[in-house]
Amino acid sequence: MKMRHKLFGITFAACMAGTIAFVVSAALAPINTSLGVGHLARVPHGCALAFPVALTGVAIPQPVVGFLVKKTVRTPPWA
C-alpha cells in the first residue's frame, strides 16, 4: 500500500530515523557493553530508545534542509 504524496516528508523522516537509530545502536552496543553473549538482544532495545531522538532530529530540520538543498543543487536539464 502506498501512502499519499502529502505524507512523503514524515514517511521519509521515519525511514531515515529508523535506519539511523539501528546503525547507531548496533555500533554503540558493543562499545558500551562489549561484544559478546546478548549483543543482538541489546540492539533492538537501544534502537527503541534512539528512534524518537533520531525522528525528532530528522523531522524538525527537514524543511530547512530541503530548502537549502534546492538552493544549492542544480536541476538536471531533463527535469
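Before I turn to the helices, let me fix one term: a residue is called buried when its relative accessible area is under 20%, exposed when that area is over 50%, and partly exposed in between, using a 1.4 Å probe and protein chains only. What you see above is a predicted model, in which local features need pLDDT of at least 70 and side-chain atom pairs count only at pLDDT 80 or more, while totals for chains, interfaces and linings use all residues. Residues are numbered from 1 along each chain as its sequence is written, and side-chain values use heavy atoms, with hydrogens and water left out.

Let me begin with helix 2, where helices are DSSP runs of H or I with at least four residues, numbered from the N terminus. Its buried residues are His39, Val43, Cys47, Ala54 and Val58, and these pack against helix 1 and helix 3, a contact being heavy atoms within 4.5 Å. Leu40 is also in helix 2, but at 69% relative accessibility Leu40 counts as exposed. The C-alpha atom of Leu40 is separated by 28 Å from that of Ile10, which is 30 residues away along the chain.

How far apart are the end C-alpha atoms of helix 2? They are 29 Å apart, which agrees with the 30 Å that its 21 residues should span at 1.5 Å a residue, the expected span being 1.5 Å times one less than the number of residues. Within helix 2 there is a kink of about 35° at Ala50, shortly before the proline Pro52; the bend at a residue is the angle between axes fitted to the seven residues ending there and the seven starting there.

Now to helix 1, which runs over residues 8-33, has 26 residues and reaches 37 Å from its first C-alpha to its last, close to the 38 Å expected. Here the buried residues are Ala13, Ala17, Ala21, Ser25 and Ala29, and what covers them includes helix 2 (39-59) and helix 3 (62-72). Thr11, which lies in helix 1, is partly exposed, with a relative accessible area of 27%. Thr11 and Lys71 are 60 residues apart in sequence, and their C-alpha atoms are 23 Å apart in space. After helix 1 comes Ser34, whose phi is positive, near 70°.

Finally, the segment after helix 3 holds Trp78, and with a relative accessible area of 74% Trp78 is exposed. Between the C-alpha atoms of Trp78 and Ala29, which are 49 residues apart along the chain, the separation is 46 Å.

Key:
Helices (H or I, at least four residues) and strands (E, at least two) are DSSP runs, numbered from the N terminus.
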